Amino acid sequence: MDVNEHEVSPATREFGCEQNLLSRPDGSATFIQGNTNVLAGVYGPAEVKVSKEIYDRATLEVLIQPKIGLPGVRERAREQCVRETCEAALLSSLHPRSSLSLILQEVHDDGSLLACCLNAACMALMDAGLPMSCLFCGITCVISTEGQIITDPTLQQEKESRAQMTFAIDSIEKRVMMSSTKGSISVQELQEAIALSQRASERIFQFYRDSVHRRYSKIQ
Amino acid sequence: MFASFKDKIGEAVLPGDVFTLELPSPENKAKAEKLICGPGLRRDGDNVSVCKCGVLRHKPPNVFWIDSQQKRYVPVKGEAVIGIVTAKSGDIFKVDVGGSELASLSYLAFEGATKRNRPNVQVGDLVFGQFLIANKDMEPELVCIDSCGRANGMGVFGEGGLLFRVSLGLVRRLLVPQSELLAELSALFPCELVVGLNGRVWVKAASTQHTLILANLLQSAENMTAKQRQQLFRKVADGAL
């Protein structure tokens with residue numbers, strides 16, 4: 001990679017994805033960031049339980065399955081972050097009284113898991129062809145003990161950090177849709193981290209565009 | 001006015017992409033052109049925004065839509081689909097069409113059906129019909145007659161044949177006028193083919209073996225380029241299967 005490019009956009013690990021890899025779900029995708037890997041499946045618009053029916057929009061359900069064991073409190077917190085981001089991006093009023101389920105399976109966690117979940121979720125929603133007003137991506141930043149901001153950290157870097165932040169950023173105005181933070185951060189550090197994430201998001205959105213181009217290049 | 005659309009035709013677009021319409025100013029007496037937005041495009045003030053991921057298509061003079069590879073069907077009025085009868089309740093049948101809700105089908109909506117003369121439809125039968133009502137707020141309703149009361153190819157399926165699912169994109173490729181895929185397929189074996197826009201395809205050929213070959217070929221044609229497909233079909237024609 002170019003040295004100049006490092007200055008322009010903050011360093012992130014290599015990322016990759018594959019869409020439509022599962023046959024049963026309506027949309028599926030896997031997203032890889034470095035060694036972190038998440039598999040996502042989307043079902044819907046499908047029939048909804050009467051107790052969960054919302055009369056003017058679709059009911060979105062997000063499930064995160066950890067690699068080992070049963071989902072716990074941490075997964076529930078992540079589910080809520082992902083659900084609220086997806087609800088903001090999806091035009092769920094176009095499918096009232098139906099259910100959308102998004103299932104995220106953690107394949108390997110090497111840091112930035114929530115960001116990777118968000119990216120996999122966006123890819124899977126795109127694959128399912130659900131109406132969305134914009135795309136979104138997730139970026140994790142940590143502040144090291146020396147006060148340096150690192151984007152897309154590994155598990156080791158996360159453990160050694162003073163604070164950790166994850167942002168969901170929309171593709172149109174690059175605004176923050178969701179944020180989840182841990183540790184103490186000054187206002188200036190938060191703003192710096194947001195600015196860095198916004199710049200890093202451009203690369204992810206470009207990656208989305210390239211992978212969609214490649215996917216649709218076969219059908220003329 | 002359509003300049004921003006014109007350079008993107010045939011290219012992949014993503015949700016959130018925006019096309020601006022250069023509307024003629026009111027002083028300029030140029031006649032305003034009409035624009036028809038198909039699936040995947042939404043009007044958003046003076047702009048048109050994309051809400052689905054796919055390839056932008058254009059039909060002259062002014063129709064634009066997005067062609068995407070989806071698997072889940074959403075009922076649209078007037079589309080012909082293959083449904084499975086799942087329940088009989090009073091004077092309607094409940095039909096599974098692959099959408100988010102079961103569609104209803106009246107027993108009077110068959111050719112020649114009257115209150116006395118009920119059509120012979122059992123639970124588990126396949127029906128080919130079109131949507132009379134399909135919108136997001138109402139239960140979809142199927143009919144097996146056209147507006148003149150004729151069956152016009154619709155109704156209950158006969159014995160034999162095989163039903164399978166393919167992606168909605170492949171179905172649309174099969175149904176375009178003068179479809180290459182369909183021509184190549186019918187050149188291979190004589191067959192009966194019913195294609196529903198909900199991604200269900202029913203095939204019946206002279207023998208079970210031929211039916212299965214056709215079904216497998218159709219399912220594998222999904223992710224092939226025209227060249228790869230022709231190669232495969234030639235192999236089959238030479239008796240490789």
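**Exercise 1.** In which sense do strand E2 and strand E3 of chain A pair, and over how many bridges?

*Solution.* Keep in mind as you work that this is a predicted model. Start with the two runs: strand E2 covers residues 27-33 of chain A, and strand E3 covers residues 36-46. Their pairing is antiparallel and extends over seven bridges. For a concrete pair, pick Ile32(A): its bridge partner in E3(A) is Asn37(A).

**Exercise 2.** Place these strands in their sheet and find the helices that pack on it.

*Solution.* First, lay out the order: the open sheet of chain A has five strands, E1-E2-E3-E5-E4, with mixed pairing. Next, look at the edges, where strand E1 (15-19) and strand E4 (59-65) of chain A each pair on one side only. Then check the twist: neighbouring strands are turned against each other by 15 degrees on average, direction ignored. Finally, add the helices. Helix H2 (residues 73-89) of chain A touches E4 and strand E5 (99-108), and its direction makes about 145 degrees with that of E4(A). Helix H3 (residues 113-128) of chain A touches E1, E2, E3, E4 and E5, at about 150 degrees to the direction of E2(A).

**Exercise 3.** Is Asp152(A) buried or exposed, and which side chains make polar contacts with the side chain of Asp152(A)?

*Solution.* Locate the residue first: Asp152(A) lies in the loop between strand E7 (149-151) and helix H4 (155-159) of chain A. Its relative accessibility is 6%, so Asp152(A) counts as buried, the cut-off being under 20%. Now for the partners: the side chain of Asp152(A) has a polar contact of 3.3 Å with that of Gln33(A) and one of 3.1 Å with that of Ser112(A). Beyond four places in sequence, the residues in contact with Asp152(A) also include Thr12(A), Arg13(A) and Thr140(A).

Conventions:
Residues are numbered from 1 along each chain as its sequence is written. Chains are lettered from A and ligands numbered from 1 in the order in which they are written. This is a predicted model: local features need pLDDT of at least 70, side-chain atom pairs count only at pLDDT 80 or more; totals for chains, interfaces and linings use all residues. Side-chain values use heavy atoms; hydrogens and water are left out. Two strands pair if DSSP finds at least two bridges between them. Helices (H or I, at least four residues) and strands (E, at least two) are DSSP runs, numbered from the N terminus. Axes are lines fitted to C-alpha atoms, for helices over the stretch in contact, and angles run from 0 to 180 degrees between N-to-C directions. Contact means heavy atoms within 4.5 Å. Buried means under 20% relative accessible area, exposed over 50%, partly exposed in between (1.4 Å probe, protein chains only). A polar contact is a pair of N or O atoms within 3.5 Å; within protein, one must be able to donate a hydrogen and the other to accept it, and residues adjacent in sequence count only if both atoms are side-chain atoms.
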